[in-house]
Amino acid sequence: MTQQQHLLDLKELRVDRGGVTVLDIPSFSLCQNEFISLIGPNGAGKSTLLLSLLGLMKHETGTVTYRGAAVASPAQWLDLRRRTAMVLQDPLLFDSTVFDNVASGLKLRGVGRTEIKSRVATYLERFNLAHMAQRSARKLSGGEARRVSLARAFAVDPEVIFFDEPFANLDPPTRQALTEDMDRIIRDRGIAAILVTHDQSEALRMSQRIVVMNAGRIVQQGTPAAVMNHPVNEFVANFVGMETILEGEVANNRHQQLTVRVAGGEIDTVGDDAPGTQVYCCIRPENVTVTVGHPENKSSARNHFEGRIVEIAAMGPFLKLRLDCGFPLTAYVTRESFTELALYEGKEIHASFKATSVHLLPRRAV
Ligand SMILES: Nc1ncnc2c1ncn2[C@@H]1O[C@H](COP(=O)(O)OP(=O)(O)OP(=O)(O)O)[C@@H](O)[C@H]1O
């Protein structure tokens with residue numbers, strides 16, 4: 001977790017629904033300028049947690065503090081909600097113009113007319129909506145409607161913003177463009193954010209901290225690399241831990257042949273990133289080849305490492321090998337190869353993978 005100042009703190013929260021406890025969170029915090037992604041299967045309690053942080057969910061026990069001050073009375077909850085914006089999967093637009101929709105949060109907060117005009121114009125521009133300001137919000141495409149709901153949320157100049165699957169069901173290019181716009185504004189304005197998402201690469205790209213939930217509880221939280229590479233239990237491993245994800249920095253770029261420096265080694269890959277770019281190297285276990293002894297005929301793979309098997313786990317027809325090659329690496333082998341290579345925990349092996357099988361993601365500084 002970051003050492004920054006806590007903004008929102010929640011303690012001893014329990015929410016029951018229909019006689020069943022659906023949320024049981026001893027403590028949860030959001031820090032200043034922090035971006036958290038909440039991930040977990042359907043029904044894990046992600047949306048309920050967001051609503052509870054805003055006092056919009058009846059709870060059995062629990063306290064919320066904002067900047068160290070208790071939020072308890074109706075006036076304090078209202079004040080917290082006014083500092084916060086929420087963007088939902090359903091954009092929930094009013095039957096009015098795009099301009100009126102973006103202005104609605106400002107009107108509610110009693111902002112003056114001139115200020116409303118100027119702020120709405122700013123966010124219509126930032127979300128590429130200026131040309132449709134007078135269009136009916138009911139006649140927008142799904143992507144345009146999401147843009148309006150984002151513009152409306154940012155226009156109120158929130159200190160904290162909650163996103164509950166805001167980009168679900170959008171085509172990948174639209175989704176990518178919207179997340180980039182949103183990310184830029186959040187960083188520019190130093191807004192703290194919590195994103196509920198089912199898209200793990202989105203969580204990885206956007207957040208400084210990932211919080212994994214299951215059955216109403218937080219089962220793990222940490223930096224994206226920590227959660228992805230060191231899942232605390234089988235549930236998290238099955239949910240997120242299918243790839244090796246290494247924090248790295250591009251060391252050089254020769255005609256799009258990149259060398260990325262990671263803790264404990266250097267990885268060759270391909271891409272456009274300039275030296276110094278902070279990245280994650282994602283390597284799928286099925287793309288890693290394990291051999292014993294140095295291969296006599298070097299394959300076309302650019303990446304070759306000597307390593308050791310740290311752990312072996314059965315996974316249906318495969319075995320999953322956790323390797324230490326100076327950095328952690330996960331590989332799959334069939335049961336047949338496992339027997340042929342006479343593998344065991346502690347055995348020295350050789351691991352290789354192609355430059356083209358390394359998937360690079362931009363990394364936010366933590
Ligand atoms: N109106 C309701 N009455 C009773 N139980 C409910 C109600 N709404 C949600 N729940 C239960 O509360 C739990 C948490 O639901 P929640 O919507 O917070 O999960 P989620 O992680 O956001 O799921 P999803 O990814 O599907 O959106 C689930 O077990 C759900 O079945």
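This passage describes the domains, sheets and ligand shell of a predicted model.

The protein chain is assigned two domains, with domain 1 covering residues 6-240 and domain 2 covering residues 244-362. Their C-alpha centres are separated by 35 Å. Where the two domains meet, seven residues of domain 1 are in contact with eight residues of domain 2. On the domain 1 side, helix H7 (200-206) and helix H8 (224-229) each contribute at least two residues. The greatest contribution to this side is that of H8, which gives four residues. Sorted by class, the side of domain 1 that touches domain 2 holds four nonpolar residues, two polar residues and one charged residue.

A record can be set beside this assignment. The unreviewed UniProt entry places the feature "domain: ABC transporter" at residues 8-240. Within residues 8-240, helix accounts for 40% of the chain and strand for 27%, while the C-alpha atoms at the two ends of this stretch are 26 Å apart.

Turning to the sheets, four strands make up an open, antiparallel sheet, arranged in the order S2-S1-S4-S5. Strand S2 (20-31) and strand S5 (69-71) occupy the edges of this sheet; each has a single partner strand, so one side of each lacks a neighbour in the sheet. On average, and with direction ignored, neighbouring strands here are turned by 25° against each other. Strand S1 (residues 6-17) and S2 run antiparallel and are joined by 10 bridges. Within this pairing, Leu 10 has Phe 28 of S2 as its bridge partner.

An open sheet of six strands follows the order S6-S7-S8-S3-S9-S10, and its pairing is mixed. Its edges are formed by strand S6 (84-88) and strand S10 (217-222), both of which pair on one side only. From one strand to the next, the twist averages 15°. At the S10 end of the order, strand S9 (residues 209-214) and S10 are antiparallel and share five bridges. Here Met 213 is matched with Ile 218 of S10 as its bridge partner. Elsewhere on this sheet, helix H5 (residues 142-155) lies across S6 and strand S7 (160-164), and the helix runs at about 170° to S6.

What residues surround the ligand? The shell consists of Arg 17, Gly 18, Val 22, Gly 40, Asn 42, Gly 43, Ala 44, Gly 45, Lys 46, Ser 47 and Thr 48. Helix H1 (residues 46-53) provides the largest share of this shell, with three residues. By class, the shell comprises seven polar, two nonpolar and two charged residues.

Further along the chain, strand S17 (residues 318-324) and strand S18 (residues 328-334) are linked by seven bridges in the antiparallel sense. Leu 323 faces Leu 329 of S18 across this pairing. The two strands, S17 and S18, form a hairpin with three residues between them, and in the turn Gly 326 adopts a positive phi of about 95°.

Note on methods:
Residues are numbered from 1 along each chain as its sequence is written. This is a predicted model: local features need pLDDT of at least 70, side-chain atom pairs count only at pLDDT 80 or more; totals for chains, interfaces and linings use all residues. Domain bounds come from an automatic or database domain assignment. Ala, Val, Leu, Ile, Met, Phe, Trp, Tyr, Cys and Pro count as nonpolar, Asp, Glu, Lys and Arg as charged, and the others, Gly among them, as polar. A residue is near a molecule or strand if its C-beta atom, placed from the backbone, lies within 6 Å of it. UniProt positions are given in the numbering used here, feature names are shortened, and annotations may be inferred rather than shown by experiment. Two strands pair if DSSP finds at least two bridges between them. Axes are lines fitted to C-alpha atoms, for helices over the stretch in contact, and angles run from 0 to 180 degrees between N-to-C directions.
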